[in-house]
Amino acid sequence: EIKSVSFSSYEKDKNSNYIYVSYSSPKSPSKIFRYNLINKKIKLVKRQVIPSGFDENNYITERHYALTKDNVKVPITIIRHKKTKLNSKSKLILYGYGSYGSSLGNGFSSAKFSLIDRGIIWANAHIRGGMECGMNWWKNGKMLKKQNTFDDYICCARHLIKSKYTSSKNIIGIGGSAGGLLMGAVLNKEPNIF
């Protein structure tokens, strides 16, 4: 399961035996647990509620890797409804950023699900320029190596087409701010894909 986990070591009581662990995944709303370091017991203390209702068992998360021309594996996180057929006909949103060492998180976002529930597949391209894979991942997507960011995104799109998640002209590219630069570059380089 692809997930986002964090913990807080901040505690006013320095003699506390507890830490708080936050957990979510692309299909799992946030949960916060209190963990006792002494007796190893864990207790759910908070859960994100989706007012309209939500069943995470209706969704599938997957991790794919697109292989670039310089033999780098670019991670792709995919979220889809379990009823969405993989027959190359689905619309697919491919989100990308790849700048300033900012990593695309894999936490839960309820905003995506009105689209996913209608058969649109959501994919995050974890392209170079972010820090998903460490400092070198960031360095190899900036300055004179910025072209890697654009090429990685196109490579992710091609991988998703080859894997029958979608087809050319069914990919909706999304990226804001520096991701807008990404969109301009990839649309000009590969207008027939997006």
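This report walks through the strands, the packing and the salt bridges of one structure. The model is predicted, so keep that in mind as you look around.

**Hairpins at the start**

Let's begin with strands β2, β3 and β4. Strand β2 covers residues 18-25 and strand β3 covers residues 28-36; the two run antiparallel and are joined by seven bridges. To find your place in this pairing, look for Ser22, whose bridge partner in β3 is Ile32. The link from β2 to β3 is a hairpin of two residues.

β3 also pairs with strand β4 (residues 42-47), again in the antiparallel sense, over five bridges. Here Arg34 has Lys43 in β4 as its bridge partner. Five residues sit between the strands in the hairpin of β3 and β4, and one of them, Lys40, takes a positive phi near 65 degrees.

**The five-stranded sheet**

Further along the chain there is an open sheet of five strands, in the order β5-β6-β8-β7-β9, with mixed pairing. At the edges you'll find β5 (59-67) and β9 (171-174), each of which pairs on one side only. On average, neighbouring strands of this sheet are turned by 25 degrees against each other, ignoring direction.

One pairing to pick out is that of strand β7 (residues 92-96) with β9, which is parallel and has four bridges. In this pair, Tyr95 stands opposite Ile174 in β9. Helix α3 (residues 147-162) packs on the sheet and touches β5, β6, β7, β8 and β9. The direction of α3 makes about 155 degrees with that of β7.

**What fills the inside**

Which residues have the most contacts inside the largest nonpolar core? They are Leu92, Leu94, Tyr153, Cys156 and Leu160, in a core of 26 residues. The elements giving two or more residues to this core are β6, β7, β8, α3 and α4 (178-189). Helix α3 gives the most, with seven residues.

Leu92 is a good place to zoom in. Leaving aside residues up to four places away in sequence, its contacts include Ile121, Ala123, Leu160, Tyr165 and Ile172. There is also a second, separate core of nine residues, with Tyr59, Phe108, Ile116 and Trp122 among them.

**Salt bridges**

The structure holds seven salt bridges. Here are three of them, with the distance between N and O atoms.

| Salt bridge | N to O distance |
|---|---|
| Glu62 and Arg80 | 3.0 Å |
| Arg128 and Asp70 | 3.0 Å |
| Asp151 and Lys189 | 2.8 Å |

Glu62 and Arg80 form a salt bridge between strand β5 and strand β6, linking parts of the chain 18 residues apart. Both Glu62 and Arg80 are buried.

Next come Arg128 and Asp70, whose side chains meet in a salt bridge. Arg128 is in the loop between β8 and α2 (135-139), while Asp70 is in the loop between β5 and β6, 58 residues apart. Arg128 has 5% relative accessibility, so it counts as buried. Asp70, with a relative accessible area of 40%, is partly exposed.

The third pair is Asp151 and Lys189. Because Asp151 lies in helix α3 and Lys189 in helix α4, this pair ties together parts 38 residues apart in sequence. Asp151 counts as buried because its relative accessibility is 15%, whereas Lys189 is partly exposed at 42%. Through shared partners, salt bridges join Lys69, Asp151 and Lys189 into one network.

Conventions. Residues numbered from 1 in each chain as written. Predicted model: local features only at pLDDT ≥ 70, side-chain atom pairs only at ≥ 80, totals over all residues. Heavy atoms only, no water. Pairing = 2+ DSSP bridges. Axes fitted to C-alpha atoms, helices over the stretch in contact; angles between N-to-C directions. Contact = heavy atoms within 4.5 Å. Core = buried A, V, L, I, M, F, W, Y, C linked by side-chain atoms within 4.5 Å. Buried < 20%, exposed > 50% of the residue type's maximum accessible area, 1.4 Å probe, protein only. Salt bridge = Lys/Arg side-chain N within 4 Å of Asp/Glu carboxyl O.
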